[in-house]
Amino acid sequence: MRSMARNDPRQYDELADQWWRRGGGFEMLHWLAAARAALIPPADRPGAVLVDAGCGGGLLAPHVAGKGYRHVGVDLRRAGLRQAAEHGVRPVNGDVTALPIATGAADVVAAGEILEHVTDLPATVAELARVLRPGGLLVLDTVNDNALSRFITVTAGERLGFAPPNLHDPALFVRPRRLIAEFASHGVRVEVRGARPTMTGLFRWRVLRRGGGRIVPSGLKTVLYQGTGRKEGERS
């Protein structure tokens with residue numbers, strides 16, 4: 001793969017063949033997608049919309065397929081969107097800092113593994129909140145901002161093959177307190193909890209080159225954390 005600056009989104013074009021390769025470079029993203037989907041309840045009305053911000057190759061799709069949503073995926077990179085469409089996602093080419101989605105259109109907004117990549121967090125949070133309808137659900141996961149998370153995700157993670165080189169810029173990692181405050185300023189009250197991969201899953205992936213790991217809740221938010229929140233107001 002060509003050498004690129006950290007967090008350059010063009011890397012996802014170079015890595016497009018990894019989205020659905022089990023045991024490949026994006027294996028842990030499958031585990032994260034499954035854990036994120038577990039926080040999304042079945043749709044409570046016909047025609048409910050799930051906006052998947054930064055959907056990549058559509059890894060969330062098989063985990064929400066039976067929940068009754070119109071699954072709309074927004075992403076910058078067309079290579080990933082093409083694969084998302086093959087898995088039942090309605091693809092929309094766009095930037096999460098300026099979502100091409102109508103205000104209040106989403107019953108659920110999923111922001112998985114995207115918040116640690118955006119260069120304008122306030123604009124991204126504002127957009128995620130804008131497209132969420134009153135009473136709608138936000139589901140997210142991201143990487144904490146501290147020395148340990150930077151070491152595990154970047155220094156050790158890249159060296160040991162848990163993350164492709166240069167995919168993350170640790171300067172963009174976000175602390176839970178900041179994220180909670182940003183969403184609260186837009187009427188979305190977020191609660192967070194720690195999360196971690198299972199050790200058996202990591203062993204199967206990195207040693208046996210197989211898939212099948214899981215992300216499970218953790219008492220520590222030091223490295224990885226999940227969040228859920230509801231937008232204020234009554235659903236119309």
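## Salt bridges and buried residues

Arg45 is partly exposed, with a relative accessible area of 29%. Here buried means under 20% relative accessible area, exposed over 50%, and partly exposed in between (1.4 Å probe, protein chains only). Salt bridges with shared partners tie Arg45, Asp107 and Arg133 into one network. A salt bridge puts a side-chain nitrogen of Lys or Arg within 4 Å of a carboxyl oxygen of Asp or Glu.

The model is predicted: local features need pLDDT of at least 70 and side-chain atom pairs pLDDT 80 or more, while totals for chains, interfaces and linings use all residues. Residues are numbered from 1 along each chain as its sequence is written, and side-chain values use heavy atoms, without hydrogens or water.

**Salt bridges**

The model has 12 salt bridges by this rule. The table gives three of them, with the N to O distance.

| Salt bridge | N to O distance |
|---|---|
| Asp8 and Arg10 | 2.7 Å |
| Arg21 and Asp17 | 3.3 Å |
| Asp107 and Arg45 | 2.8 Å |

How far apart in sequence are Asp107 and Arg45, the pair that links distant parts of the chain? The answer is 62 residues. Asp107 sits in strand 4, whereas Arg45 belongs to the loop between helix 2 and strand 1 (49–53). Helices (DSSP H or I, at least four residues) and strands (E, at least two) are numbered from the N terminus. Asp107 has a relative accessibility of 3%, so Asp107 counts as buried. Its partner Arg45 is partly exposed.

The Asp8 and Arg10 bridge also joins a buried residue to a partly exposed one: Asp8 is buried at 13% relative accessibility, and Arg10 is partly exposed at 40%. The Arg21 and Asp17 bridge has two partly exposed ends. Arg21 has a relative accessibility of 43%. For Asp17 the value is 45%.

**Helix 2 and Arg36**

Helix 2 spans residues 27–37. Because 9 of its 11 residues are buried, helix 2 is largely enclosed by the rest of the structure. The buried residues are Glu27, Met28, His30, Trp31, Leu32, Ala33, Ala35, Arg36 and Ala37.

Arg36, in helix 2, has a relative accessible area of 6% and is therefore buried. Contact means heavy atoms within 4.5 Å. Neighbours within four places in sequence aside, Arg36 is in contact with Leu60, Ala110, Gly112, Glu113, Val139, Asp141 and Gln226.

**Glu116**

Glu116 lies in the loop that runs between strand 4 (106–112) and helix 5 (121–131). Which side chain of opposite charge is nearest to Glu116? It is Arg36, 7.9 Å away. Lys and Arg count as positive, Asp and Glu as negative; His and the chain ends are not counted. Glu116 is buried yet has no salt bridge. With neighbours up to four places away left aside, Glu116 is in contact with Asp141, Thr142, Val143, His168, Asp169, Leu172 and Phe173. Asp141 thus sits in the contact lists of both Glu116 and Arg36.

**Helix 4 and its surroundings**

Helix 4 covers residues 78–86 and holds Ala84. Leu81 lies in helix 4 as well. Are these two residues buried or exposed? Ala84 is buried because its relative accessibility is 0%. Leu81 is buried too, at a relative accessible area of 6%.

Ala84 touches Cys55, Gly56, Gly57, Gly58 and Val89, residues up to four places away in sequence not counted. Ala84 and Ala61 stand 23 residues apart in sequence, and their C-alpha atoms are 7.8 Å apart.

Leu81, on the same terms, is in contact with Cys55, Gly56, Gly73, Asp75, Pro91, Val92 and Asn93. Cys55 and Gly56 therefore appear in the lists of both Ala84 and Leu81. Leu81 and Leu137 are 56 residues apart in sequence, with 23 Å between their C-alpha atoms.

Strand 2 (residues 70–75) and strand 3 (residues 90–93) run parallel, joined by 4 bridges. Two strands pair if DSSP finds at least two bridges between them. Val74 stands opposite Val92 in strand 3. Val92 is also one of the residues in contact with Leu81.
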